[in-house]
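This report covers ring contacts, charge pairs and helix packing. The structure comes first.

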Amino acid sequence: MDIAKDLDLIDLLCTLDFPAEHGDTDVGRGGPGYHIARLGPDDWPGAEDCYAYETGIGERLTERWGAPLRWGTVTLGERLARGEHLAEPWATLNAQATDMHTWEANGTGRSVTVAVADREDENRPHPFVVVTDLNPL
């Protein structure tokens, strides 16, 4: 587990052009206005390690950009329940995470959201990052 490597990845995602189409990329998945990438190793020993890693990443991002906006996916889920369509990356965040931390990446026009994918019963939890210039509203 290398937090410095993942911070470099986040920096890259804050400058990398967004893909023109939705799909897999060299760093994860992406599409118009967003990138999504896994953080840390592919195989986590346990869920508590994922949350500790997320906290470690978050502490460093807070040192850079100040306190994050902490939010959950309840509002996104309510929008789906009303029949609204959730565009990416918000659909992925809603499907995979319950709690998120978002920072404005100063000078980039992008936001950085770090979360743990903990809603998928068939997959083990893992931290991930979403970098976007899209508003969830």
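Asp11 is partly exposed, because its relative accessibility is 31% and the partly exposed class runs between 20% and 50%. The model is predicted. Arg64 is also partly exposed, with a relative accessible area of 34%. The side chains of Asp11 and Arg64 form a salt bridge, at 2.5 Å from N to O. This pair links distant parts of the chain. Asp11 belongs to helix α1 (residues 3-13), Arg64 to helix α2 (residues 47-65), and the two are 53 residues apart.

Arg64 has a ring contact as well. Its charged end sits over the ring of Trp65, 5.6 Å from the ring centre.

How do the axes of α1 and α2 cross, and at roughly what angle? They come within 11 Å and cross at roughly 55°. That angle makes α1 oblique to α2. The crossing of α1 past α2 is right-handed.

**Salt bridges**

Side chains of opposite charge can pair when their charged atoms come close. The structure holds five salt bridges. The table lists three, including the one between Asp11 and Arg64.

| Salt bridge | N to O distance |
|---|---|
| Asp11 and Arg64 | 2.5 Å |
| Arg124 and Asp43 | 3.6 Å |
| Glu84 and Arg82 | 2.7 Å |

Take the bridge between Arg124 and Asp43, where the closest N and O atoms are 3.6 Å apart. The pair links distant parts of the chain, 81 residues apart. Arg124 lies in the loop between β6 (110-117) and β7 (126-132). Asp43 lies in the loop between β3 (34-38) and α2. Is Asp43 buried or exposed? Asp43 counts as exposed, at 57% relative accessibility. Arg124 is partly exposed, with a relative accessible area of 46%.

Next come Glu84 and Arg82, whose side chains meet in a salt bridge at 2.7 Å. Arg82 counts as exposed because its relative accessibility is 58%, and the exposed class starts over 50%. Glu84 is partly exposed, with a relative accessible area of 30%. Which residues do salt bridges with shared partners join into one network? They are Arg79, Arg82 and Glu84.

**Aromatic rings**

How many aromatic pairs does a search of the whole structure find? It finds two. One of them joins Trp44 and Tyr53 in an edge-to-face arrangement. Their centres are 5.1 Å apart, with 65° between the planes. Trp44 and Tyr53 are both buried.

Trp71 and Trp90 also pair. Their ring centres are 6.0 Å apart and their planes stand at 55°, so the pair is tilted. This pair, too, links distant parts of the chain. Trp71 is in strand β4 (residues 69-72), and Trp90 is in helix α4 (residues 90-96). The two are 19 residues apart. Why does Trp71 count as buried? Its relative accessible area is 19%, and buried means under 20%. Trp90 counts as buried at 6% relative accessibility.

A further contact joins a charged residue to a ring. Arg110 lies over the face of Phe18, 3.8 Å from the ring centre.

**In brief**

Helices α1 and α2 cross obliquely, and the salt bridge between Asp11 and Arg64 links them. Arg64 also sits over Trp65. Elsewhere, Arg124 pairs with Asp43. Trp71 pairs with Trp90.

Notes
Residues numbered from 1 in each chain as written. Predicted model: local features only at pLDDT ≥ 70, side-chain atom pairs only at ≥ 80, totals over all residues. Heavy atoms only, no water. Phe/Tyr/Trp six-rings, centres within 6.5 Å; stacked < 30°, edge-to-face > 60°. Buried < 20%, exposed > 50% of the residue type's maximum accessible area, 1.4 Å probe, protein only. Helix = DSSP H or I, 4+ residues; strand = E, 2+ residues; numbered from the N terminus. Lys NZ or Arg CZ within 6 Å of the ring centre and 35° of its normal. Salt bridge = Lys/Arg side-chain N within 4 Å of Asp/Glu carboxyl O. Axes fitted to C-alpha atoms, helices over the stretch in contact; angles between N-to-C directions. Parallel < 35°, antiparallel > 145°, perpendicular 65-115°, else oblique. Left-handed = near helix turned anticlockwise from the far one by under 90°.
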